[in-house]
Every structure is written in C-alpha cells, then in structure tokens.
Amino acid sequence: MSSLNQLVSEIAHSLRQQDSVPVRRAIKLSIIHARNELIRKSYESHKITDKVLQQRFRLSLIDVPDGDLAGTKDVVNTV
C-alpha cells in the first residue's frame, strides 16, 4: 500500500505538473476527501455508530417560580 505522498507524486507526474504546489495540494485534498467518503459510506452500510459523535445528556428538572405559575403546583396541564 502506497503512502499519500507517493499517490500525490504519481498523479502529479501523470498530469505533468510535478512542480506545482497548488496542484499537489488539490490532489492531496481530493484523495483525503475520497477516502473519508468511502469510510463514511462503509459505516452507514454496516450501521456502525460513531461513539465519538454520539452524545448523551442527563437532565434534572427543577421547579422555577416565574411569576405567572407561582403557587400553581396542583394545576394539571392538559396539552
């Protein structure tokens, strides 16, 4: 398996732009983008959940008197 720089070099030489830094940078970013897309599609097709992106929250509700509802704890909301 070749490294990223080797792939960039091979593609840049095939385009006859081996000394062009912007072309090499664009090729490198394109390779990284394509690799990330393949990984993302693989994760989606295998139903894998990324544990880094998954977030959980634990909330506790507290009673805050705000003036309008102060002293109305026995009223049932019918929404």
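Here is a short walk through two helices and the loop that lies between them. Keep in mind that the model is predicted.

Start with the helices. H1 covers residues 4–14, and H2 covers residues 21–45. If you look at their axes, you will find that they come within 9 Å and cross at roughly 125 degrees. Angles over 145 degrees would count as roughly antiparallel, and 65 to 115 as roughly perpendicular; H1 and H2 are therefore oblique to each other. Their crossing is right-handed.

Which residues of the two helices make the contact? On the H1 side, look for Leu4, Asn5, Leu7, Val8, Ser9, Ile11 and Ala12. From H2 come Arg24, Ile27, Lys28, Ile31 and Ile32. Sorted by character, the residues of this contact of H1 with H2 are eight nonpolar, two polar and two charged.

Now follow the chain into the loop between H1 and H2, where you will meet Arg16. Most residues other than glycine have a negative phi. Arg16 is not a glycine, yet its phi is positive, at about 60 degrees. Is Arg16 buried or exposed? A residue counts as exposed over 50% relative accessible area; Arg16 has 73%, so it is exposed.

Asp19 is another residue to find in the loop between H1 and H2. With a relative accessibility of 73%, Asp19 counts as exposed too. From Asp19 you can also look back to Ser9, a residue of H1 that takes part in the contact with H2. Asp19 and Ser9 are 10 residues apart along the chain, and their C-alpha atoms are separated by 9.6 Å.

Technical notes
Residues are numbered from 1 along each chain as its sequence is written. This is a predicted model: local features need pLDDT of at least 70, side-chain atom pairs count only at pLDDT 80 or more; totals for chains, interfaces and linings use all residues. Side-chain values use heavy atoms; hydrogens and water are left out. Axes are lines fitted to C-alpha atoms, for helices over the stretch in contact, and angles run from 0 to 180 degrees between N-to-C directions. Helices (H or I, at least four residues) and strands (E, at least two) are DSSP runs, numbered from the N terminus. Angles under 35 degrees count as roughly parallel, over 145 as roughly antiparallel, 65 to 115 as roughly perpendicular and the rest as oblique. A crossing is left-handed if the near helix is turned anticlockwise from the far one by less than a right angle, and right-handed if clockwise. Contact means heavy atoms within 4.5 Å. Ala, Val, Leu, Ile, Met, Phe, Trp, Tyr, Cys and Pro count as nonpolar, Asp, Glu, Lys and Arg as charged, and the others, Gly among them, as polar. Buried means under 20% relative accessible area, exposed over 50%, partly exposed in between (1.4 Å probe, protein chains only).
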